[in-house]
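Trainee: Got a minute? I'd like to go through this model with you.
Mentor: Sure. Put it up and ask away.

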Amino acid sequence: MRVLLIEDYAPLARSLAQGLREAGYAVDATGDGAEGLALAEANPYDALVLDLMVPKVDGLTILARLRARGSNAGVLIVTARDEVSSRVGGLDLGADDYLVKPFALEELLARLRAVIRRRYGAPANLVTVADLVIDAGARTVKRGGQPVSLSAREFALLEYLALRRGQVVTRTEIWEHVYDFAAEPSSNVVDVYVGYLRRKLGDGEGGAPRLIHTHRGLGYSLEALEVA
Amino acid sequence: MRRSLRFRLTVAVVGVLATVLVALSFVLHAVFARALWRELDGRLRDDAAAVAGMAEEDGAESEFEYEALPEFERQWRPAYFEAWLDDGRVLARSPSLGAGDLEHGAARVAAPTITDVSLPDGRPGRALQLRQPLRLEDAASARGPARVSLRFVTVVVARGTEEVVETLGSMRRWLWLLGLLSILSASAAAVLAVSRGLRPTRALAARLAGLDAAQLGRALPLDDLPAELAPVVAKMNELLTRLRASFAREKRFTADVSHELRTPLAALRTTLEVAASRERSAPEYRSAIGDAVAIALQMQALCENLLALARLDSGPLPARREEVGLRALVQDCWRQFEAPAGARGLKFENEIAPTAAVVSDREQLRLVISNLLSNAAAYTTLGGTIRVRATGGDAPVATVLEVHDSGPTIPDDVLPHVFERFFRGDATRSDGVHCGIGLSLARGVAEALGLALTGRNTPEGGVIFAVSKGLPDAGAP
């Protein structure tokens, strides 16, 4: 999942970005409201972690502009302002959640997961496709009851496919939601990672049903097709 | 014990009323007594005339034709008369005299005289004595020129004074009684009026007792107050307004402080939580610990500034006066910003002459300079230059020192506000590290030292903060 972090206090932005990356998110971070708004308008982020008091363009303005443009990215406001009026103002402008500094990293991650879940209409962290069970909270994957060990990138790819299960997901979409700007763009990196994922899941091998399907010229989908 | 208004008013009312009543009683008594005595004297005169009229000359004989006068005959408090001729022969005596005798003055005194006497029965009395010619028996019927008798009769008439004395005594008693009644009722009225007049103050007190910080906004009602209290309550309302403003400021300050502390606290917590979330290499731990220490130092600086600000608010700081070498002090202040400024590629130029000095308080001046340098180090764009100058060169004489930075400039609409507490309008210059009390504190301390702190943009696109001896009672020679 790809997240935009807009926070102007550098030490917090740094550690928060690290924490988010280590939790498996592709993270773009900026301490500048104007840059943040431009990034959010140009990229389909799954969620924004938004500080309200950022220079140039403040957080509430960013939120209002994004919602006015019809963006449905999840927005988690993280701010030092704890007045009720401030919370209500943020939520009414279209924020999905509101967290007051200082916060526990775990809580921020949990709320962020919830925000992203809501965006994809998933009721819980657990996604089950046939005998494949993906737990976004614990970041574990089981196939036929056996745990599967995935790298962060592989898990992010699977998580995205799982959230959009039953839909054909294009390579560009995968690229946009799983990789941040730090990743080197290359033409077949998505295909390579899908290959890794299939191998680790043992997809379509040894009698196991195939769950990740290739749609030539379109992309991939995660679903249990009844056609054997 | 405090003397109550009621007590004082009552004393005043009673005092004035008593004085007036006493004076009035004296006058009334005097007028009345005079009238009574005159009336008594008039009656004596009438009595004397009547008695004298009874003595007549009948040829060679002097006769006294007594006509019944009940007052001169009765036993109880009788009146008395005695008439005698010039030769000493008693012509007549009132029946009331009995065997007694009436005091009288010298014979042959022509004018009627009135004297206080002791009556034969021992009562105090008043006597009138007159001498007049005898009436001629046929004078009333005679025609032609009147004849006047050549013989004289002297008459003394006396009456008791007890009626006058009793009347006056009774009058005095009534005056006392009425006077006391008036004073009592007037005091009661005064007490009542004051209590009633002060009733709104009790209502006011109850209202004030019920006030708390949240209700400061409600003004006290002026409607039912006596005119004397209205200005007091109006002043109280002004006080409430000032208190409300002060409370609001305090509340905002607390909110701002908590806001300023929350962000670095969040960073500290996140940094430590991320570091602890998994096993890491030593360099990673070292980096996280370094970050945490840097944040802690920032928080410490913020707390120290807040504390200095609170002290400044509670009164002027005690300032020492000593010769402070500016160059060394600026260099000393810069030390704490050297590392972070170096990381941002900032150049620092201390252009103060080694001899430049000012008489001031070293530690407070350090606070001013540190905050100016902190501000410059935070806002100057990457690779910029911070330059500190002191008196001399092209600087005005009154300038103590100036901190130049290479920009960016502060927008003109923002410039007047940068010295306000927690002002964050300088968003374009913010890198998030800064919290808006440094400049506010610097200016407060500078002013306490008798120095002015001003900021301006330069045509070259930089900013200058200048400390100058701008205040009239400047702390420098």
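Trainee: Which residues touch the most other members in the largest nonpolar core?
Mentor: Keep in mind that this is a predicted model. The core has 71 residues, and Val3(A), Leu5(A), Ala47(A), Leu48(A) and Leu50(A) touch the most other members.

Trainee: And which helix gives that core its largest share?
Mentor: Helix H6 of chain A, residues 152-163, with 8 residues.

Trainee: Why would nonpolar side chains sit together at all?
Mentor: In soluble globular proteins, they tend to be buried together.

Trainee: Back to Val3(A). What is it in contact with, leaving aside neighbours within four places in sequence?
Mentor: Leu20(A), Tyr25(A), Val27(A), Tyr45(A), Asp46(A), Ala47(A) and Val49(A).

Trainee: New topic. How many residues does each chain put into the contact between A and B?
Mentor: Chain A gives 21 residues and chain B gives 22. On the chain A side, the largest share comes from H1(A), with 8 residues. By class, that side has 12 nonpolar, 4 polar and 5 charged residues.

Trainee: Where does H1(A) meet a helix of chain B?
Mentor: Look at H1 of chain A, residues 10-22, and H3 of chain B, residues 230-276. Their axes come within 8 Å and cross at roughly 35 degrees.

Trainee: Is that crossing left-handed or right-handed?
Mentor: Left-handed. Residues making the contact include Leu12(A) and Leu16(A) of H1(A), and Ala266(B) and Val274(B) of H3(B).

Trainee: What classes do the residues of that helix contact fall into?
Mentor: For H1(A) with H3(B), 6 are nonpolar, 6 polar and 1 charged.

Conventions: Residues are numbered from 1 along each chain as its sequence is written. Chains are lettered from A and ligands numbered from 1 in the order in which they are written. This is a predicted model: local features need pLDDT of at least 70, side-chain atom pairs count only at pLDDT 80 or more; totals for chains, interfaces and linings use all residues. Axes are lines fitted to C-alpha atoms, for helices over the stretch in contact, and angles run from 0 to 180 degrees between N-to-C directions. Helices (H or I, at least four residues) and strands (E, at least two) are DSSP runs, numbered from the N terminus. A crossing is left-handed if the near helix is turned anticlockwise from the far one by less than a right angle, and right-handed if clockwise. Two residues are in contact if their C-beta atoms, placed from the backbone, lie within 7 Å. Ala, Val, Leu, Ile, Met, Phe, Trp, Tyr, Cys and Pro count as nonpolar, Asp, Glu, Lys and Arg as charged, and the others, Gly among them, as polar. A nonpolar core is a set of buried Ala, Val, Leu, Ile, Met, Phe, Trp, Tyr and Cys residues joined through C-beta atoms within 7 Å. A residue is buried if 20 or more other C-beta atoms lie within 10 Å of its own, exposed if 12 or fewer, and partly exposed in between; C-beta atoms are placed from the backbone.
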